[in-house]
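Student: I should like to take a close look at one part of this protein and to understand what surrounds it. May I put a request to you with the structure in view?

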Amino acid sequence: STLNGLAYIKNNLADLTQHCIEKDPRKISKGYVTRGMVKRSPELDKEGRFALIRVAVVCCLAHALPVGLTVQWGHPEELREGQWVEVYGTLKELPPDEKQPYLPVEGFLFIYLNMSYGIVPTRIVHISPPETPYIFEFRQEEPYVY
């Protein structure tokens, strides 16, 4: 995808989260476009951030886990809880003392929010929820599953 003449790699939140765990500079330094559901909390709102979440399914829904990254957005109040957005931006390392906010996701006991990296957006676009909101396929290299 391109935005204002810049190329962005379409990628899902599970694979982006894996890039952040691996800390591979070849992957961390690129521009990405990803999509997910907005999760807000009072702590994140105070910091001008929100969480972008998507459920990753390993083999079946019993082995599903919401995964995501925080997005630095100066006006999180412009976004509704549960709203779907597409985020164009880059990954940025977060300070090591970042604490995971409490973000309950209905139907799940746990959420994996990567607190090592976050997304610095160039643009956020409101979108309709995808036909299949879950991530079922994971890839280490391009082309990624969006």
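Student: With which side chain does the side chain of Asn114 make a polar contact? Please describe Asn114 and its surroundings closely.

Tutor: Please keep in mind throughout that this is a predicted model. The side chain of Asn114 makes a polar contact with the side chain of Tyr112, at 3.3 Å. Asn114 is found in strand β8, which covers residues 112-126, and Tyr112 lies in strand β8 as well. A polar atom of the Asn114 side chain also lies 2.8 Å from the backbone nitrogen of Ser116.

Consider next how far each partner is covered. Asn114 has a relative accessibility of 1%, and because buried means under 20%, Asn114 counts as buried. Tyr112, by contrast, is partly exposed, with a relative accessible area of 33%. Tyr112 also contributes to a nonpolar surface patch of about 550 Å², together with Ile21, Leu65, Leu109 and Phe110.

Which residues, then, does Asn114 touch beyond its neighbours within four places in sequence? Asn114 is in contact with Thr17, Cys20, Ile21, Gly68 and Leu69. These names lead to helix α1, which spans residues 13-22, and to strand β6, which spans residues 64-72.

Helix α1 deserves attention in its own right. Of its 10 residues, 7 are buried, so the helix is largely enclosed by the rest of the structure. The buried residues are Leu13, Ala14, Asp15, Leu16, Thr17, His19 and Cys20. Thr17 and Cys20, both buried, are thus also among the contacts of Asn114. What covers the buried residues of α1 includes helix α2 (25-28) and the strands β4 (31-39), β5 (49-57), β6, β7 (84-93) and β8.

The two ends of α1 may be described in turn. At the N-terminal end, Asn12 caps the helix, with a side-chain oxygen 2.9 Å from the backbone nitrogen of Ala14. Just after α1, Lys23 takes a positive phi of about 55°.

From the end of α1 one may follow the charged side chains. Glu22 and Lys27 meet in a salt bridge, at 3.9 Å from N to O. Glu22 is partly exposed, with a relative accessible area of 35%, whereas Lys27 counts as buried at 5% relative accessibility. Lys27 also forms a salt bridge with Glu141, the closest N and O atoms being 3.3 Å apart. This pair links distant parts of the chain, since Lys27 is in helix α2 and Glu141 is in the segment after β8, 114 residues away. Glu141 is partly exposed, with a relative accessible area of 42%.

Elsewhere, Glu47 forms a salt bridge with Arg49, and here the closest N and O atoms are 2.4 Å apart. Glu47 is partly exposed at 41% relative accessible area, while Arg49 is buried at 4%. Salt bridges that share partners join Glu22, Asp24, Arg26, Lys27 and Glu141 into one network. In total, the structure holds 8 salt bridges.

To return to your request: Asn114 is buried, its side chain makes a polar contact with that of Tyr112, and Asn114 is in contact with residues including Thr17 and Cys20.

Key: Residues are numbered from 1 along each chain as its sequence is written. This is a predicted model: local features need pLDDT of at least 70, side-chain atom pairs count only at pLDDT 80 or more; totals for chains, interfaces and linings use all residues. Side-chain values use heavy atoms; hydrogens and water are left out. Helices (H or I, at least four residues) and strands (E, at least two) are DSSP runs, numbered from the N terminus. Buried means under 20% relative accessible area, exposed over 50%, partly exposed in between (1.4 Å probe, protein chains only). A polar contact is a pair of N or O atoms within 3.5 Å; within protein, one must be able to donate a hydrogen and the other to accept it, and residues adjacent in sequence count only if both atoms are side-chain atoms. Contact means heavy atoms within 4.5 Å. Patches are made of residues with over 30% relative accessible area and no salt bridge: like charges are joined within 9 Å, nonpolar side chains (Val, Leu, Ile, Met, Phe, Trp, Tyr) within 5 Å. Accessible areas come from the Shrake-Rupley method with a 1.4 Å probe; for residues, only the protein chains shown count as cover. A salt bridge is a side-chain nitrogen of Lys or Arg within 4 Å of a carboxyl oxygen of Asp or Glu.
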